[in-house]
Amino acid sequence: KRVSWEAKTNRKGVVVLSDIPFGAVKVQVIAPGYQTYGDEHDLSKPEEAVTVLLQTPKGQVSAY
């Protein structure tokens, strides 16, 4: 049983994955020039869209 998928988006930033089981899935998006995104999504339908909006990196914060 497959438990991990890795893919690249098309030119519009879209990726389509098939045969993902229902339930909680962890999504991680890594893109050069953007903050890494990671979160858990609950998939409950045979075809479901998950939209991820990436943010540019924030400046480093230090207490000193």
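Thr56 lies in the segment that follows strand β2. In this predicted model, the residue is partly exposed, with a relative accessible area of 47%. Leaving aside residues up to four places away in sequence, Thr56 touches Gly33, Tyr34 and Gln35. A further pairing can be followed along the backbone: Thr56 and Pro32 are 24 residues apart along the chain, and their C-alpha atoms are separated by 9.7 Å.

With that stretch in place, it is helpful to turn to strand β2 itself, which covers residues 37-43 and includes His41. His41 has a relative accessibility of 19% and therefore counts as buried, the cut-off being under 20%. The side chain of His41 also makes a polar contact, at 2.9 Å, with the side chain of Tyr37. Beyond residues up to four places away in sequence, the neighbours that His41 touches are Gly23, Ala24, Val25, Val27 and Val50. Strand β1 spans residues 23-29, so the list of neighbours can be read against that range with the structure in view.

Ahead of β1, the segment before the strand holds Asp19. The backbone here deserves a look, since Asp19 has a positive phi of about 60 degrees although it is not a glycine. Asp19 is exposed, because its relative accessible area is 74% and the threshold for that class is over 50%. Asp19 and His41 thus fall into opposite classes, the former exposed and the latter buried.

The chain as a whole gives the setting for these residues. Its secondary structure consists of two strands and zero helices. The radius of gyration is 15 Å, whereas a compact globule of 64 residues would have a value near 11 Å. Along the principal axes, the C-alpha trace spans about 50 × 30 × 20 Å. Burial can be stated for the chain too: 8% of the 64 residues count as buried, and His41 is one of the residues in that class.

Contacts across the sequence can be put in similar terms. Among contacts with a separation of 6 or more, 5% come from residues 24 or more positions apart.

Finally, the surface and the charges complete the description. The accessible surface of the protein chain is about 6300 Å², and carbon and sulfur atoms contribute 51% of that area. The chain carries 8 positive and 7 negative side chains, with the centres of the two sets lying 9 Å apart.

Definitions and conventions
Residues are numbered from 1 along each chain as its sequence is written. This is a predicted model: local features need pLDDT of at least 70, side-chain atom pairs count only at pLDDT 80 or more; totals for chains, interfaces and linings use all residues. Side-chain values use heavy atoms; hydrogens and water are left out. Helices (H or I, at least four residues) and strands (E, at least two) are DSSP runs, numbered from the N terminus. The radius of gyration is taken over C-alpha atoms; the globule rule is 2.2 Å times the number of residues to the power 0.38. Buried means under 20% relative accessible area, exposed over 50%, partly exposed in between (1.4 Å probe, protein chains only). Contact means heavy atoms within 4.5 Å. Accessible areas come from the Shrake-Rupley method with a 1.4 Å probe; for residues, only the protein chains shown count as cover. Lys and Arg count as positive and Asp and Glu as negative; His and the chain ends are not counted. The place of a charge is taken as NZ of Lys, CZ of Arg, CG of Asp or CD of Glu. A polar contact is a pair of N or O atoms within 3.5 Å; within protein, one must be able to donate a hydrogen and the other to accept it, and residues adjacent in sequence count only if both atoms are side-chain atoms.
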